[in-house]
Amino acid sequence: MSDFEPRIVGFLCNWCSYAGADLAGVSRFQYPTNIRSIRVMCSTRVSPHLLLEVFKAGADGVMVGGCHIGDCHYITGNYYTEKRIMLTKELLRLAGIEPDRLRLEWISASEGERCANVVADFVKKVRELGPSPIPRDSRLALRLDAATEAAKVFRLRLLSGKEIKLTGEGNAYGEKVDPERFGNILRNAAQEEFQRNLILELTKCSALSVKEMAKETGEATDATLERVVALRSKNLLALSVVEGMTPKYKAIIVGGV
Ligand code: FES
């Protein structure tokens, strides 16, 4: 696809990466014009659901740029950024979208040339991946909706925000959680929230049986039934109709008809 020009959105922190991009400009380092830069005060201001919204809006790639580790103007902001990007990549993977369409880079204010090189390399990578499939694939778009809703869930936001403290300093009793174990906990939580939200997205427009849901989610029927029971107990899913012997469920839309 030689004439494909990737549309890339860049979130660059005010104190380092944005200044680095500025330096690239004044130093006349050439880089592709495919990136639209948005200045944020710290890279950690960009939450996972916002990044996913950008993909929903049709971006072919998203880049987040921040200060090098240890240099964040707000001391620990970029440590959290790293965790949030990991979570967002996991949600992209679950949705069926290439995680490589999202890139995190540390660029200091003095690294103008590096900034130009990083952008050029990312544009090349996205060019290889091709245009975002979201606008042409309604199934993927629905899965991305589910991933975006999952990213808003309090449990995931809490877990990704606590990782540094729990694996570094420990809990209230001073007990540290093994980083690998915490990573597994976070991945499992992301998977659960994604699947739950996928069921809700699937049943927003039409009532589905557990078997029909399982076909779409790719999970076993008994695992899907467990999720249906959990969603019903939270008043997020309701029995809509019984066809023959088969109950079908529909998402409860708050404020909907
Ligand atoms: S201020 Fe640059 S990453 Fe926090």
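**Close-up views of a predicted model**

Buried residues account for 39% of the 257 residues in the protein. The model is predicted.

**Figure 1. Overall fold of the protein, with 9 helices and 6 strands.** The C-alpha trace spans about 70 × 55 × 30 Å along its principal axes. Of the contacts between residues at least 6 apart in sequence, 74% join residues at least 24 apart.

**Figure 2. The buried side of helix H2 (residues 48-56).** Four names make up the buried set of H2: Pro48, Leu51, Leu52 and Phe55. They lie on the same side of H2 because they cover an arc of only 95 degrees around the axis.

**Figure 3. Packing partners of helix H2 and the residue that follows.** The buried residues of H2 pack against two strands and two helices. The strands are E3 (61-66) and E4 (102-106). The helices are H3 (77-95) and H5 (138-152). Gly58 comes just after H2 and takes a positive phi of about 110 degrees.

**Figure 4. Crossing of helix H7 (residues 179-202) and helix H9 (residues 221-233).** The two helices pack with their axes 10 Å apart. The angle between H7 and H9 is about 75 degrees. Angles of 65 to 115 degrees count as roughly perpendicular, so H7 and H9 are roughly perpendicular to each other.

**Figure 5. Residues at the contact of H7 with H9.** H7 contributes Gln195, Arg196, Ile199 and Leu200. H9 meets them with Arg227, Val228 and Leu231. By class, the contact has 4 nonpolar, 1 polar and 2 charged residues.

How values were computed:
Residues are numbered from 1 along each chain as its sequence is written. This is a predicted model: local features need pLDDT of at least 70, side-chain atom pairs count only at pLDDT 80 or more; totals for chains, interfaces and linings use all residues. Axes are lines fitted to C-alpha atoms, for helices over the stretch in contact, and angles run from 0 to 180 degrees between N-to-C directions. Angles under 35 degrees count as roughly parallel, over 145 as roughly antiparallel, 65 to 115 as roughly perpendicular and the rest as oblique. Two residues are in contact if their C-beta atoms, placed from the backbone, lie within 7 Å. Ala, Val, Leu, Ile, Met, Phe, Trp, Tyr, Cys and Pro count as nonpolar, Asp, Glu, Lys and Arg as charged, and the others, Gly among them, as polar. A residue is buried if 20 or more other C-beta atoms lie within 10 Å of its own, exposed if 12 or fewer, and partly exposed in between; C-beta atoms are placed from the backbone. The arc is that of the directions from the helix axis to the C-beta atoms.
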